[in-house]
Amino acid sequence: MDEAARLPRGGMLAFASGSLGMGTWVTVPGLLLLYFLTDVLAVAPLVAGFVLLLPKIADVLLHPWVGHLSDADLARRGHRRHLMMLGCGLPLAFAALFLVPGGLIGNSAAGWVAVAFIAGNLLFAAYQVPYLSTPADLSIGYHERTRLMGFRMVVLTVGILLSGVLAPMLAGKEDPTRSGYALMGLVLGASMLITMLIGIGGVRRLTAFAPSAAATAHGKPGLRTLLVALRDPQFRWLVGSYLAMSTTSHLVLAAVPYFAEYELGRPGLTTVLVAAFVAPALIATPVWVVVARRIGKQPGLLIAQGAFVAGSIVLAFGSAAGLPVLIAAVAVLGIAFAAMQLLPFSMMPDVIRASGADGTTRAGTYTGVWTAAEATGGALGPYVYAACLAVGGFAASSAGTEVVQSESAHTMIRLGFGVVPAVLMVVAMLLQRRYTLDRTLR
């Protein structure tokens, strides 16, 4: 297959559909799980933060291990879809996250959520790692990988928007309840399963259209395999920057319900802020594809990161800035977020393909390390915000109970939503500047 060839749109759309389910898993727990624990299940902020963080620590080894299994599957079967089918159990774990038995509250409820979260992380890895190895498996070029991931990003954005808007509504809008969260888990879990199955069909179509030479699995799973991927300096700087970006975006997502309720005084604004964050990405993604074609992926990413810093600083002013200004700032973050999903995910297969045969045969392992960074960021973001709440003296509560928060808690709700993300994104930019491969490929 000529690497200059263009993939069929139907295959790309089916492939991208798999991101709808993945987007729900990443978005809804990131948006609502911390709030669900502290304000519905009466879990203390630090305990709630640990519930989100601890299951992710294992992902550092788990995801590369799944990646190695994916590489072995490719060598044995000629495809990676076997693990993806196993990963289709993820919707069950998603529903279980929010189907907490009525008798559980506080630490016992936290234990239930932690077990469901661990199971979900394993199933997420089984689907996501081989799924994201697909662009590196295909015999396509630098710009076509951006085009493919552009399709994925548009569909992913739709998934994030729909789940981010529907989840708070199903949970109870202004007055979320345990039964509302349970209903939300069941409804969104069913939709996840359908889209994940469509995604598997898309992977089959694309790998049949643009196959690469068959890979031979080698090496053992575990820490040794992880270190092999991280010895690649280009990959190391890229994945380090993405870890900082993932932490930042998940922190912002986790902070939205608190900012809406305690800073703006209207819990229903959670849906408005989520829509303002995600909706601009639908328009921005095709623009970022054009930007990447004109000036390259890395320069475009650095511009987006700078815009994210500027928008975050505006949010630090809180309600004093006025609701229209705050919504505009969140929209800027959303435009930048589109680039931070599109461009790094199209740069990762660039690194794998540029590393030669050794890298290509370990595409699953590289992707496993990448998704481990994504999962770690998904836990670190809410944990960092939970730490901000704890420093401010935030008081946890159960559903239907009103608590008056201290002035220091209100201050940390605001600063954790604005200043902390800005600092983390500056770190991502500094790491990103150490990545040099893009200028040699474009």
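In helix α7, which spans residues 142-171, Glu144 and Arg147 sit 3 residues apart, so about one helical turn separates them. In this predicted model, their side chains meet in a salt bridge, with 2.5 Å from N to O. Neither partner is left out in the open: Glu144 is buried, at a relative accessible area of 7%, and Arg147 is buried too, at 12%. Both values fall in the buried class because that class takes in anything under 20% relative accessible area.

The pair in helix α7 is part of a wider set, as the structure holds 6 salt bridges. Another one brings together the side chains of Asp350 and Lys297, at 2.6 Å from N to O. Here the link runs between distant parts of the chain: Asp350 belongs to helix α13 (residues 323-354), Lys297 belongs to helix α12 (residues 297-315), and their positions lie 53 residues apart in the numbering. Burial shows up again in this pair. Asp350 has a relative accessibility of 1% and so counts as buried, while Lys297, at 0%, also counts as buried.

Then there is a case where salt bridges share partners, which joins Asp71, Arg80 and Asp137 into one network. Within that group, the side chains of Arg80 and Asp71 meet at 2.9 Å, again taken from N to O. Arg80 and Asp71 are both buried.

Terms used:
Residues numbered from 1 in each chain as written. Predicted model: local features only at pLDDT ≥ 70, side-chain atom pairs only at ≥ 80, totals over all residues. Heavy atoms only, no water. Salt bridge = Lys/Arg side-chain N within 4 Å of Asp/Glu carboxyl O. Buried < 20%, exposed > 50% of the residue type's maximum accessible area, 1.4 Å probe, protein only. Helix = DSSP H or I, 4+ residues; strand = E, 2+ residues; numbered from the N terminus.
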